[in-house]
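Visitor: I would like to learn how to read this structure. Could we go through it together?
Guide: Certainly; please ask as we proceed.

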Amino acid sequence: MAELQFLDGLDPEIRTRLRERVKESTHKRDDVVISQNDETLDVFFVLSGLARATGLSEEGKLVAYREIPEGAIFGELSAIDGRPRSANVIAVRDLTVGRMAQADFRNLIDTDDAFRWAVLDYLTAQSRTMTDRIFEFSTMLVRDRLIAELLRLAEAAGASEGRIELHPAPTHFDLAARISTHREAVSREMSKFSRAKLVTKQLKTLIIHDVDALRAEREDRNSG
């Protein structure tokens with residue numbers, strides 16, 4: 001079983017108990033792992049690959065709530081409150097997950113302080129991220145929201161400065177879903193970034209030529 005980021009620092013005994021309670025399964029790209037309004041209550045641990053939590057508006061607009069990378073969990077909200085799923089979770093790349101029954105998840109929370117605090121820390125981090133995104137949606141123009149999302153992708157890939165290559169490149173449709181806009185608006189802004197030699201796409205790779213320069217672009221606009 002892969003290491004789980006939110007369990008870093010836990011006692012090896014707890015990791016063993018966790019492994020014993022998890023059933024692994026694999027999912028191909030675009031498979032729906034859980035569906036919005038499902039009444040299942042299991043918790044999922046991402047062992048490899050990448051998933052995405054999404055919703056669909058009445059008008060058919062796709063909204064991407066968050067990326068769920070290797071080492072993260074999903075499904076924990078329903079396991080805690082017993083309510084139906086609040087989002088779809090779809091495999092972005094081939095995905096391996098560990099599935100834990102609600103009863104086992106709750107038992108670990110009840111019996112192990114370190115596990116309970118790891119879950120609380122994880123939920124707090126998710127809440128802060130959602131707060132930041134709501135602020136961006138409410139106060140930033142599309143260009144600035146797109147820059148913020150590209151910077152998040154760069155940092156998630158391990159680059160806080162310099163050049164970074166993102167592979168596979170997120171599509172304009174994916175980026176639009178993540179910043180609450182439409183694909184055409186993303187395409188226009190990406191064309192501008194390309195002409196400014198900030199961001200370019202080569203085949204299936206998105207290249208951010210200078211993370212600091214991209215960050216300065218947003219700061220210059222905000223100070224102007």
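Guide: One term is needed at the outset: two residues are in contact when they have heavy atoms within 4.5 Å. Please also bear in mind that this is a predicted model.

Visitor: Then what do the buried residues of α3 pack against?
Guide: They pack against α1 (12-20), β3 (43-48), α2 (76-81), β8 (95-100) and α4 (113-139).

Visitor: Which residues of α3 are buried?
Guide: Helix α3 covers residues 102-111, and its buried residues are Gln-102, Phe-105, Leu-108 and Ile-109. Seen down the helix axis, the buried residues of α3 fall within an arc of 130°, so they line one face.

Visitor: Why would residues spaced like that end up on one face?
Guide: An α-helix has 3.6 residues a turn, so residues three or four places apart point the same way.

Visitor: And what is on the face turned away from the buried side?
Guide: That face of α3 carries Ala-103 and Asp-110, which are exposed.

Visitor: How do α3 and α4 cross?
Guide: Their axes come within 5 Å and cross at roughly 110°. Angles of 65 to 115 degrees count as roughly perpendicular, and α3 and α4 are therefore roughly perpendicular to each other.

Visitor: Which residues make that contact?
Guide: From α3 there are Phe-105, Leu-108, Ile-109, Asp-110 and Thr-111, while α4 supplies Asp-113, Phe-115, Arg-116 and Val-119. By class, the contact of α3 with α4 has five nonpolar residues, one polar and three charged.

Visitor: Phe-105 appears again. What does it touch?
Guide: Leaving aside residues up to four places away in sequence, Phe-105 touches Val-43, Glu-76, Ala-79, Ile-80, Met-100, Phe-115 and Val-119. Phe-105 also belongs to the largest nonpolar core, which has 29 residues. Together with Phe-45, Ile-68, Phe-74 and Phe-115, Phe-105 touches the most other members of that core.

Visitor: Which element gives the most to this core?
Guide: Strand β3 does, with five residues. There is also a second, separate core of 22 residues, including Ala-159, Ala-169, Leu-175 and Met-190.

Visitor: Let us change helices. How do α4 and α5 pack?
Guide: Helix α5 spans residues 142-156, and it packs with α4 at an angle of about 155°, their axes being 10 Å apart. Angles over 145 degrees count as roughly antiparallel, and α4 and α5 are therefore roughly antiparallel to each other.

Visitor: What is the make-up of that contact?
Guide: Arg-133, Glu-136 and Phe-137 of α4 meet Arg-145, Ala-148, Glu-149 and Arg-152 of α5. The contact of α4 with α5 has two nonpolar residues, no polar ones and five charged ones.

Visitor: A new topic: where is the cis peptide bond?
Guide: The bond from His-167 to Pro-168 is cis, with omega near 0°. Pro-168 lies in the loop between β9 (164-166) and α6 (172-178).

Visitor: Why mention that bond at all?
Guide: Most peptide bonds are trans, and most residues other than glycine have a negative phi.

Visitor: Which residues have a positive phi, then?
Guide: Ser-180 is one of them, with phi near 60°. Lys-197 is another, its phi likewise being near 60°. Ser-180 lies in the loop between α6 and α7 (183-195), and Lys-197 in the loop between α7 and β10 (199-202).

Visitor: How accessible are Ser-180 and Lys-197?
Guide: Ser-180 counts as partly exposed, at 31% relative accessibility. Lys-197 counts as exposed, at 67%.

Methods. Residues numbered from 1 in each chain as written. Predicted model: local features only at pLDDT ≥ 70, side-chain atom pairs only at ≥ 80, totals over all residues. Heavy atoms only, no water. Buried < 20%, exposed > 50% of the residue type's maximum accessible area, 1.4 Å probe, protein only. Helix = DSSP H or I, 4+ residues; strand = E, 2+ residues; numbered from the N terminus. Arc of directions from axis to C-beta. Axes fitted to C-alpha atoms, helices over the stretch in contact; angles between N-to-C directions. Parallel < 35°, antiparallel > 145°, perpendicular 65-115°, else oblique. Nonpolar A, V, L, I, M, F, W, Y, C, P; charged D, E, K, R; others polar. Core = buried A, V, L, I, M, F, W, Y, C linked by side-chain atoms within 4.5 Å.
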